[in-house]
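Please look over the sequence and the model below before reading on. The paragraphs that follow begin with a single strand and widen out from there.

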Amino acid sequence: MFRVKSIAQTIRENTTLLPEGLGGWIAQNIGTGNVEVDGFVLKPGETLDFSHLHPTVKWESAIVVICQTNGILRITRLKYTKEG
């Protein structure tokens with residue numbers, strides 16, 4: 001069995017998120033301008049969902065975020081630990 005902890009951030013400017021041993025993640029554009037996440041352009045309200053990875057899978061690449069004017073990204077990343 002695994003336990004999961006979520007780590008949420010709101011991003012308003014261009015940034016690169018390092019893997020940090022975390023697993024799956026989900027990102028949503030909560031602003032009124034576009035946000036680019038790993039090359040995918042998210043319009044306001046759109047999401048990019050990699051949250052359904054198996055708990056033993058670790059995300060190994062950086063996540064590049066580019067915020068256009070009024071683009072705001074809400075991202076939640078998951079950290080799993082094995083019980084016992």
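In this predicted model, strand β7, which covers residues 63-67, has side chains that alternate along its length: Ile-63, Val-65 and Cys-67 point to one face and are buried, while Val-64 and Ile-66 point to the other face and are not buried. Such a pattern fits a general rule, since in a regular strand the side chains alternate between the two faces of the sheet.

Two partners of β7 can be followed from here. Strand β2, residues 15-17, is joined to β7 by three bridges and runs antiparallel to it, and in this pairing Thr-16 stands opposite Val-64. Strand β4, residues 35-37, also pairs with β7 in the antiparallel sense, again over three bridges, and here Val-37 is the residue that stands opposite Val-65.

Which residues have the most contacts inside the largest nonpolar core? That core has 14 residues, and those with the most contacts inside it are Ile-11, Trp-25, Val-37, Ile-63, Val-65, Leu-73 and Ile-75. The elements that give two or more residues to this core are β3, β4, β7 and β8, and β7 gives the most, with three residues. This gathering can be read beside a general tendency, namely that in soluble globular proteins nonpolar side chains tend to be buried together. Leu-73 offers a closer view of the surroundings of one core residue: leaving aside its neighbours within four places in sequence, Leu-73 is in contact with ten residues that include Gln-9, Thr-10, Ile-11, Val-35, Val-37, Leu-42 and Val-65, along with Ala-27, Gln-28 and Asn-29.

A further set of strands can now be traced. Four strands form an open sheet in the order β1-β8-β3-β6, and the pairing is antiparallel. The edge strands of this sheet are β1, residues 2-11, and β6, residues 47-49, each of which pairs on one side only, and the twist averages 10 degrees from one strand to the next. Within the sheet, ten bridges join β1 to strand β8, residues 73-82, and these two strands run antiparallel; Lys-5 stands opposite Lys-79 in β8.

Two loop residues deserve a separate look, and a general point about backbone angles helps here: most residues other than glycine have a negative phi. Glu-20 has a positive phi of about 55 degrees although it is not a glycine, and it lies in the loop between β2 and β3. Asp-38, likewise not a glycine, has a positive phi of about 50 degrees and is found in the loop between β4 and β5. Are these two residues buried or exposed? Glu-20 counts as exposed because its relative accessibility is 55%, where the cut-off for exposed is over 50%, whereas Asp-38, at 31% relative accessibility, counts as partly exposed.

Stepping back to the whole protein, the model has zero helices and eight strands. Its radius of gyration is 13 Å, which agrees with the value near 12 Å that a compact globule of 84 residues would have, and along its principal axes the C-alpha trace spans about 45 × 20 × 15 Å. Buried residues make up 32% of the 84 residues, while the accessible surface comes to about 5,200 Å², of which 51% belongs to carbon and sulfur atoms. Finally, among the contacts with a separation of 6 or more, 77% are accounted for by residues 24 or more positions apart.

Notes:
Residues are numbered from 1 along each chain as its sequence is written. This is a predicted model: local features need pLDDT of at least 70, side-chain atom pairs count only at pLDDT 80 or more; totals for chains, interfaces and linings use all residues. Side-chain values use heavy atoms; hydrogens and water are left out. Two strands pair if DSSP finds at least two bridges between them. Axes are lines fitted to C-alpha atoms, for helices over the stretch in contact, and angles run from 0 to 180 degrees between N-to-C directions. Buried means under 20% relative accessible area, exposed over 50%, partly exposed in between (1.4 Å probe, protein chains only). A nonpolar core is a set of buried Ala, Val, Leu, Ile, Met, Phe, Trp, Tyr and Cys residues joined through side-chain atoms within 4.5 Å. Contact means heavy atoms within 4.5 Å. The radius of gyration is taken over C-alpha atoms; the globule rule is 2.2 Å times the number of residues to the power 0.38. Accessible areas come from the Shrake-Rupley method with a 1.4 Å probe; for residues, only the protein chains shown count as cover.
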